[in-house]
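Got your viewer open and a selection box ready? Let's take a walk through this one together, stop by stop.

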Amino acid sequence: MRPGENMKISHKAVEVEQQEWKKRRLKERMKQMLTIASPIILLLVWECLSRTNLIDVRFFPPPTKIIGTLFSMIYSGELFHHMWVSLYRIFCGFLLGAIPGIVIGLLMGLYSPIRHSISPIVMALMPIPTLALLPIIIILFGIGDFSKVVTIAGSVFFPVVINTTAGVINIDSIYLDVAKNYGASSKDFFFKIALPGSLPVMMEGIQMGQAIALLTIVAAEMMGATSGIGYLIWTSYKAFMLQEMFVGLILISFFGYLFSLLLRFIQKKILPWR
Amino acid sequence: MDTKISIENLTKVFYKKNASVTALDEVSMDIAEGEFVCIVGPSGCGKTTLLRILADLETLSAGKIEIKQDKKDRPLQSMVFQERGIIPWLTVEENVSFGLKMRHLPIQQVRERTDYYLQKVGLDQFKKLYPKELSGGMKQRVSIARAFANDPEILLMDEPFAALDEQNKFILQEELLSIWEETKKTVIFITHSIDEALLLSDRILLMSAQPGKIIKEIKNDSPRPRKIEQMRANQKTAEHFIEILNHLHEEVQKSRS
Ligand SMILES: Nc1ncnc2c1ncn2[C@@H]1O[C@H](COP(=O)(O)OP(=O)(O)OP(=O)(O)O)[C@@H](O)[C@H]1O
Ligand SMILES: [Mg+2]
């Protein structure tokens, strides 16, 4: 082989790969465009249909009007009031459900007598929707914030406790052997093996819990509440102020999206080894 | 020489409803302080089971084991697991220092020893990586470094070099021998490679197919320090090689028929 020939070949190979890479990038961009375009197109269609009266404006006010309402509610401060109330309840309820869920889940995963005595209770309670218990919760805790917080906590608890338990149980037994062979104390075993090993599955439970918390807050605030996003949606609906109702729906969908982004970010940070 | 490990009529049965497996059948052996013993036998004959019982990870069904502990401040034994032994949520460095940290040694000492053995297995550039970013052979080296760094009286090694390329295998075999000669640890080493057994051991134990028994013992007294090249040329080793090969062949045939 003459000198330089090798260079030529590799140069060609790089070019081929470069072409491939460009094609792939183009495809990626097309996909991104689609992701952004499709909701916009949907909104445009909605807008046109609504403006031309092809769909009932009373039920489906045009998106531009909804956005207008959104801004006027922001100016009047009404929006933030409902928003903070709901966020506060979601946050407290989430913590009140997730933290005991994690603790009990870890205990259940680590100690089989605890698991075998608690899991039938968990299994029996899980299918009961916390919302169905709302009347009792309101009788017990009143119609203030706390009854909403308890309702959310009750719904968040189950997916978290179940996933945390599963996370601990499913740690590969070889890591338990390694810990034992190298003489890990029970404290070290907990912090170096059980907790980090169960974290991926536990995080999935927390993701689920977050989604359920949003579903629950709206419904809980529809019954027996005097503020909050759910209350906003419900009263607007009853007063037939559908633009306000849609603003409430948009808020919920926005927060759902925001929270799952946030949790995914946290997940990346605390699970670098995945 | 003093007896370090004494095994008497060790039997292990894995019991399940309807089907129990006798993994080890009346295995007896004595291993001297500082001896390097290799165990060779067909797949499924109970080698890993034997090591796990010695490592206190599995209970025995019948028989007796005695292990003499010399110093209280040193770990008695550390195991290099056959596969998947390194912990995915710890970095290479944290995996190697695992045993030392479990013993709560001073941080300075932990760092020194970890670095020393990372260097020895050639992984010091990779110490911040997580196991998912390593190749199979690199993972195995982490596992080996972890056991060495722990500095136990007994090393239990379950086919530690099986996943390595020849070059790394040679380097680590020599490393193991030099560590062993320095520290005079007792080593029980499982392998499928006859060459490896002949290069490393003082004594080779051959096991039968399931249920596992020790059926032959070969004294390997070729002079140390050994080199792979010398071992290849040595007449006596060649005879041993053929002997072991024939034996394994027989056992595998038996277990298949
Ligand atoms: N936990 C277990 N439960 C049931 N049977 C087991 C268990 N562990 C091992 N065995 C059985 O015991 C026998 C010996 O297994 P072992 O892993 O000790 O073999 P080995 O000699 O290490 O084989 P290899 O060379 O393939 O690693 C096998 O038949 C295996 O199926
Ligand atoms: Mg094995």
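Below is a tour of strands, a ligand shell, a chain contact and a few backbone oddities. Please keep in mind throughout that the model is predicted.

**Stop 1: strand β6 of chain B**

Select residues 154–158 of chain B, which form strand β6. How many of the five residues here are buried? Five of the five are, so β6(B) is largely enclosed by the rest of the structure. Now show the side chains: I154(B), L156(B) and D158(B) point one way, while L155(B) and M157(B) point the other way. That pattern has a simple background, because in a regular strand the side chains alternate between the two faces of the sheet.

Next, add the neighbours. Strand β5, residues 77–80 of chain B, runs parallel to β6(B) and is joined to it by four bridges. Strand β7, residues 186–190 of chain B, also pairs with β6(B) in the parallel sense, over five bridges. L155(B) is a handy residue to centre on: it is the bridge partner of S78(B), and L155(B) also stands opposite V187(B) in β7(B). To see how the chain gets from β6(B) to β7(B), colour helix α6, residues 166–183 of chain B; the path passes through this helix, and the β-α-β crossover is right-handed.

**Stop 2: a turn of the backbone just after β6**

Step on to E159(B), in the loop between β6 and α6 of chain B. Is E159(B) buried or exposed? E159(B) counts as buried because it has 20 C-beta neighbours inside 10 Å. Its phi is positive, about 45°, although E159(B) is not a glycine. For context, most residues other than glycine have a negative phi, and most peptide bonds are trans.

For a counterpart in the other chain, select F240(A), in the loop between α9 (229–238) and α10 (242–270) of chain A. Phi of F240(A) is near 60°, again a positive value in a residue other than glycine. F240(A) is exposed, with 10 other C-beta atoms within 10 Å.

**Stop 3: strands β8 and β9 of chain B**

Select β8 (203–207) and β9 (214–219) of chain B. Four of the five residues of β8(B) are buried, so this strand is largely enclosed by the rest of the structure. On one pairing, strand β3, residues 36–40 of chain B, joins β8(B) in the parallel sense over four bridges. On another, five bridges join β8(B) to β9(B), and these two run antiparallel. Centre on I204(B) to see both pairings: its bridge partner is C38(B), and I204(B) stands opposite I218(B) in β9(B).

A hairpin of six residues joins β8(B) to β9(B). P211(B) lies in that loop, and a cis peptide bond joins Q210(B) and P211(B), with omega about 0°. Where is the next cis bond to inspect? Look from R224(B) to P225(B), where omega is near -5°. P225(B) sits in the loop between β9 and α8 (228–233) of chain B.

**Stop 4: the shell around ligand 1**

Keep Q210(B) selected, since Q210(B) is also one of the residues around ligand 1. Other residues in the shell include F14(B), V21(B), A23(B), K47(B), T48(B), T49(B) and Q82(B). The elements that give two or more residues are β2 (21–32) and α1 (47–54) of chain B. Which element gives the largest share of the shell? That is α1(B), with three residues. By class, the shell has four nonpolar, seven polar and one charged residues.

**Stop 5: where chain B touches chain A**

Show both chains and pick out the contact, which takes 18 residues from chain B and 14 residues from chain A. On the side of chain B, β5 and α3 (98–102) are the elements that give two or more residues. α3(B) gives the most, with three residues. The residues on this side divide into 11 nonpolar, four polar and three charged.

**Last stop: I5 of chain B**

Finish at I5(B), in strand β1, residues 3–14 of chain B. I5(B) counts as buried because it has 20 C-beta neighbours inside 10 Å. Among residues further than four places away in sequence, I5(B) touches I31(B), I67(B) and T186(B).

Key
Residues are numbered from 1 along each chain as its sequence is written. Chains are lettered from A and ligands numbered from 1 in the order in which they are written. This is a predicted model: local features need pLDDT of at least 70, side-chain atom pairs count only at pLDDT 80 or more; totals for chains, interfaces and linings use all residues. A residue is buried if 20 or more other C-beta atoms lie within 10 Å of its own, exposed if 12 or fewer, and partly exposed in between; C-beta atoms are placed from the backbone. Two strands pair if DSSP finds at least two bridges between them. A crossover is right-handed if, with the strands pointing away from the viewer, the path from the first strand over the helix to the second runs clockwise. A residue is near a molecule or strand if its C-beta atom, placed from the backbone, lies within 6 Å of it. Ala, Val, Leu, Ile, Met, Phe, Trp, Tyr, Cys and Pro count as nonpolar, Asp, Glu, Lys and Arg as charged, and the others, Gly among them, as polar. Two residues are in contact if their C-beta atoms, placed from the backbone, lie within 7 Å.
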